[in-house]
Amino acid sequence: MDNLMEELEAKTAFTIPVFGGIPIAESCVVTWIIMGAIVLLSIILTHKLKKVPTGSQCILEGVMDWLDNFFTGILGPKGKKYLPFLETLIIYIAFANTVGLFGFVPPTKDVNVTAALAGIAIIFVQLSFIIEKGPLKWLKSFLNPINLLDLVTRPLSLCMRLFGNVLGAFVVMELVKKGIAAIGVPVIASAYFDIFDGLLQAYVFVFLTSLYMAEAMEEE
Amino acid sequence: MGLIALGAAIAVLTGAGAGIGIGIATAKATESIARQPEAKGDIRTALLLGCALAEATAIYGFVIAIMIIGKA
């Protein structure tokens with residue numbers, strides 16, 4: 001039991017020995033690995049693109065097409081300029097949630113990471129409001145105190161939802177690995193908790209962000 | 001440890017509410033898909049949103065339970 005609680009803590013991977021030591025969290029190191037993997041994948045997949053797609057290009061185009069349609073469906077045609085941000089967010093969170101499959105600790109298990117993601121998302125929502133409607137209307141929108149409350153509750157719920165889900169999946173997977181190590185059982189559990197739940201939470205996070213954006217951008 | 005574990009268990013009871021909520025939402029969604037199969041996409045989107053919001057309460061309970069045990 002104590003062993004499990006220890007693993008729930010956000011660990012420090014190493015310390016940079018300057019200014020009295022800057023601690024680098026494990027989630028940060030795993031994020032660097034994910035960044036490297038995504039950059040490598042992007043280079044490999046977009047290398048030698050053809051007019052008529054074959055093989056991996058088909059999958060790439062299918063995924064990007066689905067993402068484009070999904071977000072333009074929510075944001076409408078004028079949301080096109082925000083697509084790259086939302087797609088980056090969903091790709092990163094999807095990788096971060098499923099990285100447990102490769103034996104890493106998911107960075108989204110660290111509440112600091114999800115808090116940062118939720119903070120970025122809510123700042124972006126407010127920025128899209130300012131860009132689409134101007135700063136004056138943005139300030140005026142806070143005459144309604146519910147909007148002020150939303151600034152706190154929305155990032156909090158985004159952050160806690162992602163964190164709680166990933167932490168829950170992590171706890172269950174640790175218990176399964178330690179308790180029922182029979183062949184086949186961890187596979188099924190991992191398929192549900194790591195792949196399905198991870199991808200669903202990435203989807204939900206970005207879906208909610210884009211819904212908030214659509215609400216911020218809509219004309220009265 | 002005994003009373004602390006009990007507190008954590010009570011916090012996790014929030015899961016019951018989320019389960020009931022998601023159950024009702026899914027029941028209604030299947031019903032409406034059966035009635036209007038062509039609106040499947042919209043219904044699925046709305047269902048996912050509702051489930052995500054309903055599930056949040058269960059997650060809060062879980063996070064709080066972990067916090068209670070962790071502080072013990």
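Two residues count as being in contact if their C-beta atoms, placed from the backbone, lie within 7 Å. The exercises below concern a predicted model.

**Exercise 1.** Describe the make-up of chain A, giving its elements, their order and its extent.

*Solution.* Begin with the inventory, which comprises 8 helices and 2 strands. Reading from the N terminus, the order is α-β-β-α-α-α-α-α-α-α, with the two strands following the opening helix. Along its principal axes, the C-alpha trace of chain A then spans about 60 × 50 × 40 Å. To finish, consider burial and contacts: of the 220 residues in chain A, 25% are buried, while 65% of the contacts with a separation of 6 or more join residues that are 24 or more positions apart.

**Exercise 2.** Determine how helix α5 of chain A and helix α8 of chain A are oriented relative to each other.

*Solution.* First locate the two helices, α5 covering residues 111-133 and α8 covering residues 185-217. Next take the geometry of their packing, which has an angle of about 25 degrees and axes 8 Å apart. Angles under 35 degrees count as roughly parallel, and α5(A) and α8(A) are therefore roughly parallel to each other. The handedness completes the description, since α5(A) passes α8(A) in a right-handed crossing.

**Exercise 3.** Which residues of α5(A) and α8(A) meet, and how do they divide by character?

*Solution.* On the side of α5(A), the residues are Ala121(A), Val125(A), Ser128(A), Phe129(A) and Glu132(A). Facing them from α8(A) are Thr209(A), Tyr212(A), Met213(A), Ala216(A) and Met217(A). Sorted by character, the residues of this contact comprise 7 nonpolar, 2 polar and 1 charged.

How values were computed:
Residues numbered from 1 in each chain as written. Chains lettered and ligands numbered in written order. Predicted model: local features only at pLDDT ≥ 70, side-chain atom pairs only at ≥ 80, totals over all residues. Helix = DSSP H or I, 4+ residues; strand = E, 2+ residues; numbered from the N terminus. Buried ≥ 20, exposed ≤ 12 C-beta atoms within 10 Å, placed from the backbone. Axes fitted to C-alpha atoms, helices over the stretch in contact; angles between N-to-C directions. Parallel < 35°, antiparallel > 145°, perpendicular 65-115°, else oblique. Left-handed = near helix turned anticlockwise from the far one by under 90°. Nonpolar A, V, L, I, M, F, W, Y, C, P; charged D, E, K, R; others polar.
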